[in-house]
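Trainee: Please guide me through the charged side chains and the metal site of this model.

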Amino acid sequence: MKYKGIIFDLDGVICSTDEYHYLAWKALADRLEIPFDRERNNLLRGVSRMASLDIILEKAEKTYTADEKAAFAEEKNDLYRQLLRRMTPDDLPDDVKTALDALRKAGLKLAIGSSSKNTPFILEQIGLGSFFDAVADGNCITHSKPHPEVFLKAAEMLGLAPKDCLVVEDAHAGVKAAVAGGFDCAAVGDARDDMRAAYHLDRLTQLIPVI
Ligand code: BG6
Ligand code: MG
């Protein structure tokens with residue numbers, strides 16, 4: 001086999017939380033009268049909560065203190081978590097479930113490498129709370145993607161070198177992070193055509209012949 005482990009981004013790869021992120025940021029932006037739409041929401045893919053807030057506030061007419069920003073991030077996250085409560089194992093797409101089961105059966109170690117601090121909550125909601133061999137997320141890193149820290153951490157938790165792991169990403173920031181960390185990357189979704197990726201996939205079951 002070409003790889004010993006696979007590190008999956010969570011949001012946009014394993015499950016779709018885009019709409020919930022969008023709705024929660026949009027509610028905050030509307031309240032602050034800051035222009036925000038789905039196109040700008042795309043810029044937040046893979047980016048940490050506070051870095052996302054900074055991108056949103058670029059369009060604000062006034063500047064905010066660190067305390068105000070912390071309160072805005074909390075407000076967004078409270079609403080986002082209310083929306084996440086709607087998620088169930090039915091939000092795990094069949095293709096993703098089939099791919100995960102086949103890759104595990106093939107003997108690969110499987111990990112999550114996500115910028116999200118809500119990773120444990122989301123995994124519980126979709127029924128994968130104890131599925132992965134390692135989970136590296138926004139709670140255990142100091143540098144968000146495009147820095148490779150979260151993927152390096154996941155590889156270390158699996159006991160594997162980056163060259164033995166494939167990263168699966170839907171964000172350009174995540175593809176950049178993977179390559180910077182010395183990983184091959186399979187790009188899906190929004191980042192599918194990112195030229196830095198080694199593979200360009202339409203769905204996760206296409207990983208099976210790759211490995
Ligand atoms: C990433 C998402 O997975 O997690 C980003 O793509 C999000 O949009 C980031 O900002 C941080 O998420 P959270 O759940 O910690 O606010
Ligand atoms: Mg993602």
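**Charge pairs and a metal site**

Trainee: Into which class does E75 fall: buried, partly exposed or exposed?
Mentor: The relative accessibility of E75 is 30%. This is a predicted model, in which local features need pLDDT of at least 70 and side-chain atom pairs pLDDT 80 or more, while totals for chains, interfaces and linings use all residues. Residues are numbered from 1 along each chain as its sequence is written, chains are lettered from A and ligands numbered from 1 in the order written, and side-chain values use heavy atoms, leaving out hydrogens and water. Since buried means under 20% relative accessible area, exposed over 50% and partly exposed in between (1.4 Å probe, protein chains only), E75 is partly exposed.

Trainee: Which residue meets E75 in a salt bridge?
Mentor: A salt bridge requires a side-chain nitrogen of Lys or Arg within 4 Å of a carboxyl oxygen of Asp or Glu. Here the N to O distance is 2.8 Å, and the partner of E75 is R31.

Trainee: How many residues apart are R31 and E75?
Mentor: Helices (H or I, at least four residues) and strands (E, at least two) are DSSP runs numbered from the N terminus. R31 and E75 form a salt bridge. R31 lies in helix 1 and E75 in helix 4 (residues 66–84), a separation of 44 residues.

Trainee: Which parts of the chain does the bridge between D18 and R45 tie together?
Mentor: The closest N and O atoms of D18 and R45 are 2.8 Å apart. D18 lies in helix 1 (residues 18–31), so the pair, 27 residues apart in sequence, ties this helix to the loop between helix 2 (38–42) and helix 3 (49–57).

Trainee: Is D164, which bridges to K4, buried or exposed?
Mentor: The salt bridge between D164 and K4 has an N to O distance of 3.8 Å. The two residues are 160 apart, with D164 in the loop between helix 7 (149–158) and strand 4 (165–169) and K4 in the segment before strand 1 (5–8). K4 is partly exposed at 49% relative accessibility, whereas D164, at 15%, is buried.

Trainee: Which residues are the protein donors of the magnesium ion (ligand 2)?
Mentor: Donors are N, O and S atoms within 2.8 Å of the metal (3.2 Å for Na, K and Ca); water is not among the atoms, so sites may look incomplete. In sequence the donor residues are spaced D-x1-D-x158-D. At 2.0 to 2.1 Å from the ion, the donors are D9 (OD), D11 (O) and D170 (OD).
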